[in-house]
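Got your viewer open? Let's take a walk through this model, one selection at a time.

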Amino acid sequence: MKICFVLEHFFPHVGGVETEFFEFSSRLVAMGCEVRVVTSDSGGVSGQSEYNRVAVWHHSWRDFFGHPYPRSADLIGHIAWADIVHTTTYTAAPVTLSVSQKFNKPCVLTVQECLGRRWFQLGENPLIAAGFFAFERFVIRRKFQAWHCISQATANDVSAAGIPQKGIVPILLGIDDSLYQSPPPMRNPAELFDVPTNSRVFLFFGRPGKTKGLPVLLDALKLIIEDIPADVIFGLILGAHPKRERQRFEEQIASSILKERVKVVPSVSRSELLGYVRGAYSVICPSITEGFGFSAAETSAIGTPIISSDAGSLPEVVSGEHLFFRSRSSTDLADKIRLAFRGEFNFRPKIEFSWEKATTRLLALYDELSPSKERRPS
């Protein structure tokens, strides 16, 4: 089977969506498919390249709402070649579907998240929020052959947006299998944040974007500042982008009563990060919305206790020692952090996520849609 992915970003650009499609494309090739990826040059690579036997074409595309927008001329030859075309939300999807329809090729849309009315809860200018809401609806309501949703929560949101249930296919993603069998070597995050080595570190890591809930966390900490035990530190490993959001959080912390209890450092390598996650007393995931939740799933796989919001897919991926709080409620988060100080976590059996199983299910979806079923790998 010949599969063409059209994506806004791909390896070596780094992010959750890029990890998702790197895993899917590599594993589909290993299963006997031919795979092409057409993407932007956002990872610093131009022209044609190859990763894990996946052929990749990187193009210079203009931005729309801060995301690359494909040129149809860059897609035509690849889509004409393919049996199945697969794209994702948001800006890559409309042009990809249009070219696919010209060649009568089945087109699958992966929906990472469908925020719907939650766009108006992120603190955006109402006009900007309305624009995002309208564009999301425009993309998701196009006539794709299937809507692959990366969690049941996302599938529910897509259904609420008006997509028929029969077209919605929930396939949860995977994580690194080794996290279940051989957790990474433990690192003491106290050393990273330059605090006493016997400190209990509550860790947040990831992008400082609006959906990640950092304002909720900071508001919660202000509520309990007098109750924080002397040996507790809150450590934030923050990505560099969005730059303005990161700068704003750092300034808020530096000018507030939290400055002695909250420490901020830049991103570290993945191997180091996983070691610090394992060494943390607890990880806090205050997200306002999550399509899948790699951070929460990986934390649970490693076995570190987690304090998580109940937003989006997080109740589907969190396991082990955990505490859930109501999304966007700094008061409820403050209460759960107090419980964590005393080690009063809840427990649920470990949930495992497999890229192999996810890719097998995705290939089965392709097989249902493809007019060339005889080409299915054995």
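Start by selecting Arg248 and Glu245: they form a salt bridge, and their closest N and O atoms are 2.7 Å apart. Keep in mind as you look around that this is a predicted model. Both residues sit in helix 9, and because they are 3 residues apart there, about one helical turn separates them. Now check how much of each one is covered. Arg248 is partly exposed, because its relative accessibility is 33%. Glu245 has a relative accessibility of 9%, so this one counts as buried.

Next, show the whole of helix 9, residues 243-254, together with its neighbours. Helix 9 lies across strand 12 (232-238) and strand 13, and runs at about 150 degrees to strand 13.

Those strands lead you to the sheet. Colour it strand by strand: 7 strands form an open sheet, in the order 13-12-11-14-15-16-17, with mixed pairing. At the edges you'll find strand 13 (262-266) and strand 17 (346-348), each of which pairs on one side only. Tilt the view and you can follow the twist, which averages 30 degrees from one strand to the next.

Zoom in on strand 11 (residues 200-206) and strand 14 (residues 282-285). Their pairing is parallel, over 2 bridges. Then pull up helix 11, residues 294-302: this helix lies across strand 11, strand 14 and strand 15 (306-309), at about 155 degrees to strand 15.

Stay with strand 11 and pick Phe202, which lies in that strand. Which residue of strand 14 is the bridge partner of Phe202? Select Ser282 to see that partner. Is Phe202 buried or exposed? Phe202 counts as buried, because its relative accessibility is 1%. Leaving out residues up to four places away in sequence, Phe202 touches a crowd that includes Val232, Ile233, Phe234, Tyr281, Ile284, Ile307, Ile337 and Phe341. Try a distance on one of them: the C-alpha atoms of Phe202 and Ile233 are separated by 6.3 Å, though the two residues are 31 residues apart along the chain.

Still in strand 11, select Arg200 and then Asp231. They form a salt bridge, with the closest N and O atoms 2.9 Å apart. This pair links distant parts of the chain: Asp231 is in the loop between helix 8 (214-223) and strand 12, Arg200 is in strand 11, and their positions lie 31 residues apart in the numbering. Asp231 is partly exposed, with a relative accessible area of 29%. Arg200 counts as buried because its relative accessibility is 19%, while the cut-off for buried is under 20%.

How many salt bridges are there to find? The count comes to 15. Another stop among them is Arg326 with Asp332, where the closest N and O atoms are 3.6 Å apart. Asp332 counts as buried, because its relative accessibility is 7%. For a group of three, select Glu23, Arg27 and Glu356, which are linked in a network of salt bridges.

For the last stop, switch on the surface and select Phe64, Phe65 and Tyr69. Together they make a nonpolar surface patch of about 270 Å². Where does Phe65 sit? Look in the loop between strand 5 (62-64) and strand 6 (67-69). Phe65 is partly exposed, with a relative accessible area of 42%.

How values were computed: Residues numbered from 1 in each chain as written. Predicted model: local features only at pLDDT ≥ 70, side-chain atom pairs only at ≥ 80, totals over all residues. Heavy atoms only, no water. Pairing = 2+ DSSP bridges. Helix = DSSP H or I, 4+ residues; strand = E, 2+ residues; numbered from the N terminus. Axes fitted to C-alpha atoms, helices over the stretch in contact; angles between N-to-C directions. Contact = heavy atoms within 4.5 Å. Patch = residues over 30% accessible without salt bridge, like charges linked within 9 Å, V, L, I, M, F, W, Y side chains within 5 Å. Areas by Shrake-Rupley, 256 points an atom, 1.4 Å probe, with all protein chains shown as cover. Salt bridge = Lys/Arg side-chain N within 4 Å of Asp/Glu carboxyl O. Buried < 20%, exposed > 50% of the residue type's maximum accessible area, 1.4 Å probe, protein only.
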